[in-house]
Amino acid sequence: MHYYRYENEEVSCCYKYLMFSYNIIFWLAGAAFIAIGFWAWSEKGVLLDLTQVTRLHGFDPVWLVLAVGAITFILGFAGCVGALRENICLLKFFSGVIGFIFFLELTAAVLAFVFQDNVREWINDFFLSNVKAYREDIDLQNLIDSLQKMNHCCGAKEPDDWNLNLYFNCTVNNPSRESCGVPFSCCLSDPADTVLNTQCGYDVRNGPKGVWSNAIYVKGCIPALEEWLPRNIYIIAGVFIVISVLQMMGIFFARTLIGDIEKVRFNYY
């Protein structure tokens, strides 16, 4: 007696290992993000005092790293194991979550375009709330400094926004040495400087506003962002398209593999 196994009764090895390869990268990347997040928390002593996790002094960038890492790790795990074990439940979970994330991204883009004024106000309030917490978290401090240096800006709408911070507040009763100043990231950069001057923003706002532009950036980060977006709209669109294509590829691999598995099981039974 001879047995024949037709090609359409086999799970495609091509899609199976493409799916596995596609997800192993995300699985490893997710694990790396989680490790980096916990390392950052250990450097700040959060792991030694977990009550610090509930003390919300502004936005902690580590939360974003951990969230992205956890989602990426779970999806990568589901995709890898689902492909190798031909597990339909895991593959459906993977494709469903990827599809939901894509829907959220598309919805967020549409809402941001339609409600531009509300988004602008929300970003402004978010930035100001984190200006208040500038000295409370080293990661938040580095994030704000990076944004101000890269965009050549200071504060949300103007340098005086730093009055919201306890250390930079410009009042007579403020004992801080940084009173009436701004962070060093607001200072005009000189290519000739080889040593970073972290005190360059001291007492800058003590003088008249007309001379501030000689020492610091006077444009706020929200207006700077509004100017940056139109200049880089093609780059932003390109990144969104690449991410969308990758997500669609993942969904295509998963659904194709699910179809093959179901066909084999149907023919088997």
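Here is a short tour of this structure, from the whole chain down to a few single residues.

The model is predicted, so local features need pLDDT of at least 70 and side-chain atom pairs count only at pLDDT 80 or more, while totals for chains, interfaces and linings use all residues. Residues are numbered from 1 along each chain as its sequence is written, and side-chain values use heavy atoms, with hydrogens and water left out.

**The whole chain**

Let's start with the big picture. The chain has seven helices and zero strands. Both kinds of element are DSSP runs numbered from the N terminus: helices are H or I with at least four residues, strands are E with at least two. Of the 269 residues, 32% are buried, where buried means under 20% relative accessible area, exposed means over 50%, and partly exposed lies in between (1.4 Å probe, protein chains only). About 16,900 Å² of the chain is exposed, and carbon and sulfur atoms supply 66% of that. Accessible areas come from the Shrake-Rupley method with a 1.4 Å probe, and for residues only the protein chains shown count as cover.

**Helix H1**

Helix H1 covers residues 13–43, 31 residues in total, and spans 45 Å from its first C-alpha to its last, close to the expected 45 Å. That expected span is 1.5 Å times one less than the number of residues. Buried residues in H1 include Gly30, Gly37 and Trp41.

**Three residues to look up**

| Residue | Place | Relative accessible area |
|---|---|---|
| Asn130 | helix H4 (residues 116–132) | 4%, buried |
| Asn174 | loop between helix H5 (138–151) and helix H6 (221–231) | 15%, buried |
| Phe240 | helix H7 | 31%, partly exposed |

What does the side chain of Asn130 reach? It goes to the backbone oxygen of Phe126, at 2.7 Å. The side chain of Asn174 reaches the backbone nitrogen of Ser176 at 3.1 Å. Asn174 also touches Leu166, Tyr167, Phe168, Asn169 and Ser179, leaving aside residues up to four places away in sequence; a contact means heavy atoms within 4.5 Å.

**A nonpolar patch**

Phe240 belongs to a nonpolar surface patch, along with residues including Leu106, Val110 and Met249, and together the patch has about 1,100 Å² of accessible area. Patches take residues with over 30% relative accessible area and no salt bridge, joining like charges within 9 Å and nonpolar side chains (Val, Leu, Ile, Met, Phe, Trp, Tyr) within 5 Å. A salt bridge is a side-chain nitrogen of Lys or Arg within 4 Å of a carboxyl oxygen of Asp or Glu. Helix H3 (88–114) and helix H7 (233–268) each supply at least two patch residues, with the largest share, six residues, coming from H7.

Terms used. A polar contact is a pair of N or O atoms within 3.5 Å; within protein, one must be able to donate a hydrogen and the other to accept it, and residues adjacent in sequence count only if both atoms are side-chain atoms.
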